[in-house]
Amino acid sequence: MSLLIQNGEIVTADARFQGDVLCRDGVIVAVGPGLEIPADAEVIDATGKYVFPGFIDPHVHIYLPFMGTFSKDDYVTGSKAALMGGTTTLIEMCCPSRADDPLEAIKLWKSKAAGISSCDYTFHMGVTRFDEGTADALRTIVDDEGISSFKVFLAYKGAFGIEDTELYQTLSLAKELGVVVTAHCENADLVSETQKKLVAEGRTGPEWHEPSRPISVEAEGCHHLMTFAEMTGAEVYVVHTSCIPAVEAIVEARKRGVKVSIETVAPYLTLDSTYAELPDFEGAKYVMSPPIRAKEHGDFLWKCLADGTVDTVGTDHAPFDFSPQKHMGHPDPEKCVDANGQPTGKPGNFTLIPNGIPSVEERVKLLYTEGVCTGRIDLQTFVRCASTRAAKIFGLYPRKGTIAAGSDGDLVIWDPEWKGKISAATHSMATDYSAFEGREVIGRAEMVTVRGKIMVRDGAWCGENGWGQFLARKPRIS
Ligand code: URP
Ligand code: ZN
Ligand code: ZN
């Protein structure tokens, strides 16, 4: 069975033209104007629509044991939500605790997706400890488990965070293996000391989350990683970059020859720090780390996308319910609950609010509405930062991230005229709230295919759980 998409405006990171796309057996076999219609083809008329390569979210959490609870989505809801929004490939963070065995962890994370995910997926391997056994385990994960990127946390000491000697060892091994190391850059000690000080002063509401992790703390984390990358020669990728001084620290390192890519995430581009200041604990919905910054930082990040300084836009999708999960940090003893929703009878504080915002479904339409429609970025930059760059950095290109003969038939037919509103009442994510409730959006993924199979038609779900495949990747050198 083949699929022929006719008369769309095909947009990739480096080309834009009117034409047809033919997929057979899951793969794109021809791209161009006036393609012949095969006898077995389903023909889709894309007149007046854009045809984009399937979008790639390089930073999501689907299974995440974190801050005393678990993220809300599983691969049924998470991959459906991704596809409804036009994202056809997820790169999830495999985040074992320090006590866990890395090989068992990657197998566990894979088991959460295998046979369930409707979109394709792969993982960054979290390195949350480095001891005598770690190098061998990581070599096996790279050689036998198809993983070619690691993840380290400079934040969250005592949970996922690693010490400097461990960071050095991880980066040295990554350099040897040709693996990219993704990193959460915030100085953990500065965060915990500032948190203690603020809580002792009675500053306990969600609005104090940002001041507890100010821009200088993130910039220090970036500078720190840059020094280690420079010393070891490892290629690094800074996840969820939120602010001007963090980008500046990275750009300085680029000038010194450090090979580093920059990711920002949809919440930093489309929300600002005033959301965490909303009354009645509403601000808890916007607690993520690094925190959402003042508007000038978001404006700067848009400019950095337009000029190519920032490489990718992910989500850092980390979904927790407003109730009960975010209420684990409610300062009112009458309203503070444990992970099961049972009252604690004690006051919580912002340090106990599970960090994260659900957004895997909304990333592409937010980028389109607030980036392309406002003229902040052009269409090809949109495709580059939401798909192609991630594919190139993480070893998925040209299988993913473009529309070309030989690439997977992952396509998004985009209706640029559609107008609607974001709401938790209609989203596919499992969370009880949307951080973008009521936000007006322009454009939607009208049809989405994964390896030639239609998963979304007329903006409605018609996909199949289990259709998604694990994407084995190889390091750049072996
Ligand atoms: O707040 C966040 N970002 N939660 C998810 C974990 C992480 O740091 O990526
Ligand atoms: Zn992080
Ligand atoms: Zn994350």
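**Notebook: ligand 1 and two zinc ions**

I began with the shell around ligand 1, whose residues divide into four nonpolar, seven polar and one charged. I counted Ala, Val, Leu, Ile, Met, Phe, Trp, Tyr, Cys and Pro as nonpolar, Asp, Glu, Lys and Arg as charged, and the others, Gly among them, as polar.

A note on what I was reading: this is a predicted model, where local features need pLDDT of at least 70, side-chain atom pairs need 80 or more, and totals for chains, interfaces and linings use all residues, while side-chain values use heavy atoms without hydrogens or water. Residues are numbered from 1 along each chain as its sequence is written, with chains lettered from A and ligands numbered from 1 in the order written.

**Who surrounds ligand 1?**

I looked up the neighbours (a heavy atom within 4 Å). I found His-59, His-61, Phe-66, Tyr-156, His-184 and His-240 around ligand 1, together with Met-288, Ser-289, Asp-316, Ala-318, Asn-355 and Gly-356.

Next I checked polar contacts (N or O atom pairs within 3.5 Å). From its side chain, His-184 places a polar atom 3.0 Å from an oxygen of ligand 1. Ser-289 uses a polar backbone atom, 2.8 Å from an oxygen atom of the ligand. Gly-356 also offers a polar backbone atom, with a ligand oxygen 3.5 Å away. I then looked at cover: ligand 1 taken alone exposes 260 Å², and the protein buries 100% of that (Shrake-Rupley method, 1.4 Å probe).

**Which residues hold the zinc ions?**

For the zinc ion (ligand 3), I noted His-59 (NE2), His-61 (NE2) and Asp-316 (OD) at 2.0 to 2.1 Å (donors are N, O or S within 2.8 Å of zinc). Along the chain, these donors follow the spacing H-x1-H-x254-D. The angles among its four donor atoms run from 86 to 138 degrees, and I wrote the site down as irregular.

For the zinc ion (ligand 2), the protein donors are His-184 (ND1) and His-240 (NE2), at 2.0 to 2.1 Å. Why is the arrangement around the zinc ion (ligand 2) irregular? It is irregular because its four donor atoms subtend angles of 56 to 149 degrees; tetrahedral would need all angles between 85 and 135 degrees, and square planar would need opposite donors over 155 degrees apart and all others between 65 and 115.

Last entry: I found the zinc ion (ligand 2) and the zinc ion (ligand 3) 3.8 Å apart.

Definitions and conventions: A polar contact is a pair of N or O atoms within 3.5 Å; within protein, one must be able to donate a hydrogen and the other to accept it, and residues adjacent in sequence count only if both atoms are side-chain atoms. Donors are N, O and S atoms within 2.8 Å of the metal (3.2 Å for Na, K and Ca); water is not among the atoms, so sites may look incomplete. Four donors count as tetrahedral if all angles lie between 85 and 135 degrees; four count as square planar and six as octahedral if opposite donors are over 155 degrees apart and all others between 65 and 115; anything else is irregular.
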